[in-house]
Amino acid sequence: MSETALILWLRRDLRLGDQPMLAAAVASGRPVVPVFILDPETEAIGAAPTWRLGLSVAAFAKALEGLGVRLVLRRGPALEVLRALVAETGAGGVWWSRLYDPASVARDTAVKAALKGDGVEARSFAGHLLHEPWEVETGTGGFYRVFTPYWKATRGLGVAAPEPAPKALRGVERWPASDRLEDWSLGAAMNRGASVVLSYQAVGEAAARAKLSAFLDGPVARYSEMRDYPGVAGTSRLSENLTYGEIGIREVWHAGLRARDEGRAGAESFLRELAWREFSYHLMHHTPQITSANWRPEWDSFPWRGDSEAAERWRRGMTGEPFVDAAMREMYVTGTMHNRARMIAGSYLTKHLLTHWKVGLDWFADCLTDWDPAANAMGWQWVAGSGPDAAPYFRVFNPAGQAEKFDKDARYRRRFVAELSKSPGPEALAFFEAVPRSWRLRPDQSYPKPVVDLAAGRAAALAAYGARNA
Ligand code: FAD
C-alpha cells in the first residue's frame with residue numbers, strides 16, 4: 001500500500017459529508033493535500049457564480065481547518081499546478097470528483113492522461129450526481145431524451161447511503177505554499193451588487209443542511225401546489241448549495257425519501273425535481289452541444305434575433321412587463337430566481353422578443369449565484385422550444401396571464417418592482433443598489449411602457465414559427 005500523499009483536487013464538491021473521494025482518502029490512511037485551483041476554466045465562469053464560489057471556498061477552507069488540514073490555493077492551468085504540487089509534496093496520487101460540462105471534461109481527460117503518463121495515480125470519483133449519466137440507459141442501450149421515462153427508469157434505482165463526514169484528516173508534515181483567497185479578487189466583476197446579494201446566500205455545508213431540514217420540516221408538505229408561486233417561500237432553495245457541492249445530492253435524496261416515508265405530502269414531488277437536475281446532466285453528457293447550440297438542429301434556421309435594445313431592457317428589468325421585470329430584479333437582489341419566474345422571463349425573451357436563447361443563457365450564467373451549466377442549458381432550450389422534451393414553441397406564456405394565476409395578490413411583483421408601489425419595500429429598492437451605476441436607474445423614475453404589446457409579440461413569434469414550418 002502506498003504511503004505517499006494524495007492531492008485532493010476540490011472543485012464543485014466543497015463539503016465533508018457525502019463525499020466519496022474524501023471517504024476513500026480517509027480509508028486509505030494516506031496524508032492528504034486538499035487543493036483548489038483557479039484555472040482558466042474556472043476563471044471563465046460568470047461574475048456572480050465566481051463571487052459565490054469564493055464564499056464557498058472560504059467556508060470549506062475553514063471546515064478543513066477544523067479537521068487539522070489546509071486548503072491549498074493555487075492559480076494557473078490545472079495540469080501545471082498539479083504537476084508542481086506533486087513535485088513539491090512527493091504525492092503519489094491526484095484524486096478528484098467528476099464534473100460533466102464540456103470544458104471540465106476536456107480539461108480532466110487531458111489532466112488524467114498526462115498524470116498517468118508521469119506515473120502518478122490519477123483517479124476520478126462520483127459525487128456530484130445520484131447516478132453517473134452513462135449508467136442510465138434505455139432498453140435499447142441509448143439515452144433518454146424525454147424526462148418522464150427517464151424518471152420512471154431511475155426512480156426505483158438504489159442510491160448508496162451518504163458517507164458521514166470524517167472526524168479528522170491526516171495532512172502532510174510540510175505544507176506547500178498557498179495563495180491568499182483575497183488576492184484572487186473573485187468578487188471584482190460583481191461590483192457593488194455583492195453587498196446586496198450577500199445577505200441572501202446560505203454558504204457552506206452547515207447552512208445547506210439547516211436549509212434542507214427547515215424545508216423538509218415545513219414547506220415540503222405543500223411543495224406540490226406552492227412550488228409554482230414565486231411570492232411564497234415554497235421551495236428548498238438548495239440550488240446554490242448543490243451547484244458548488246456544499247451539500248451532497250445523495251444526502252438530499254435520502255432526506256427526501258425519509259420525508260416521503262414519514263408521509264409528508266410533497267416529498268415525492270421534491271424527489272422528482274431532484275431528478276430534473278439529474279436529467280439535465282444525463283443530457284449534457286450525451287449531447288454536450290446542449291450548452292451552446294440548438295439541441296434540435298432544425299432550429300438553426302429559426303429567425304432568432306441577436307442582442308438588441310429590447311434585450312437590454314430585458315436584462316435591466318425594464319421591459320415594462322411587471323412579472324418579467326420582477327423576475328430579473330429578483331436575480332440582482334437575491335442571486336437566484338424562482339423557477340416559474342425563470343420560465344416567464346425566458347419565454348418572454350425568446351418568444352415575445354424573438355431573441356436567441358443564448359442571449360438569455362449567457363446573461364443568467366453571469367448573474368445567477370446558483371448557475372449550473374446543465375440545468376441552465378436545459379432550462380433555456382426548454383423555454384425556447386429548441387431542446388429535448390421542450391415546451392412546444394407555440395405555447396407562448398402570457399406574462400400577464402401567468403401573473404394573474406401565480407401572483408394573484410401581486411406580492412412577488414411588488415416585492416421586487418419599486419415603481420408598482422407607493423411605498424416600496426427594502427428589496428424593491430435594493431435592486432437600484434445592486435445593478436451597475438452605469439445603467440442610471442432610479443426608483444423615482446416612472447415605470448417604462450412595455451417594450452412590446454403582448455398580443456403583437458405573441459403573433460410575431462407564432463408567425464416566425466409558422467414561416468419556419470411552412
Ligand atoms: P426546488 O424546487 O427546491 O428543487 C430542488 C432542486 O431540484 C433544485 O435545487 C435543483 O437542483 C433541482 N431542480 C428543480 N427544478 C429543476 C429544473 N427545472 N431543472 C433542473 N434542476 C431542477 N437551476 C440551477 O440550479 N441552476 C441554473 O443555472 C438554472 N437555470 C435555469 C434556467 C432556466 C431558463 C430555467 C427555466 C430553469 C433553470 N434552473 C436552474 C432550474 C430551476 O429553476 C432551479 O433549479 C430552481 O428554481 C432552484 O430553486 P430551488 O433550489 O428552490 O428548487
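Helices here are DSSP runs of H or I with at least four residues, numbered from the N terminus. The model shown in every view is predicted.

**View 1. Helices that line the ligand shell.** Four helices each supply at least two residues of the shell around the ligand. They are α11 (239-243), α13 (267-286), α16 (339-352) and α18 (373-384). Domain 2 (129-161 + 194-286) and domain 3 (297-468) each give the shell at least three residues.

**View 2. Make-up of the shell.** The ligand has 26 residues around it. Of the shell residues, 14 are nonpolar, six are polar and six are charged. Those that come nearest to the ligand are Tyr223, Thr235, Ser236, Arg237 and Asn339.

**View 3. Polar contacts to the ligand.** Tyr223 places a polar side-chain atom 2.5 Å from an oxygen atom of the ligand. Ser236 also presents a polar side-chain atom, which lies 2.6 Å from a ligand oxygen atom. At Arg277 the backbone takes part: an N or O atom lies 3.4 Å from a nitrogen atom of the ligand. The ligand taken alone exposes 830 Å², and the protein buries 93% of that.

**View 4. The β4-β5 pair and its crossover.** Strands β4 (residues 93-97) and β5 (residues 121-125) pair in the parallel sense. Five bridges join the two strands. Ser97 has Phe125 of β5 as its bridge partner. From β4 the chain passes through helix α5 (residues 102-117) to reach β5. This β-α-β crossover is right-handed.

How values were computed. Residues numbered from 1 in each chain as written. Predicted model: local features only at pLDDT ≥ 70, side-chain atom pairs only at ≥ 80, totals over all residues. Heavy atoms only, no water. Pairing = 2+ DSSP bridges. Right-handed = clockwise from strand over helix to strand, strands pointing away. Near = heavy atom within 4 Å. Polar contact = N/O pair within 3.5 Å; in protein donor to acceptor, adjacent residues only side chain to side chain. Areas by Shrake-Rupley, 256 points an atom, 1.4 Å probe, with all protein chains shown as cover. Nonpolar A, V, L, I, M, F, W, Y, C, P; charged D, E, K, R; others polar. Domains from an automatic or database assignment.
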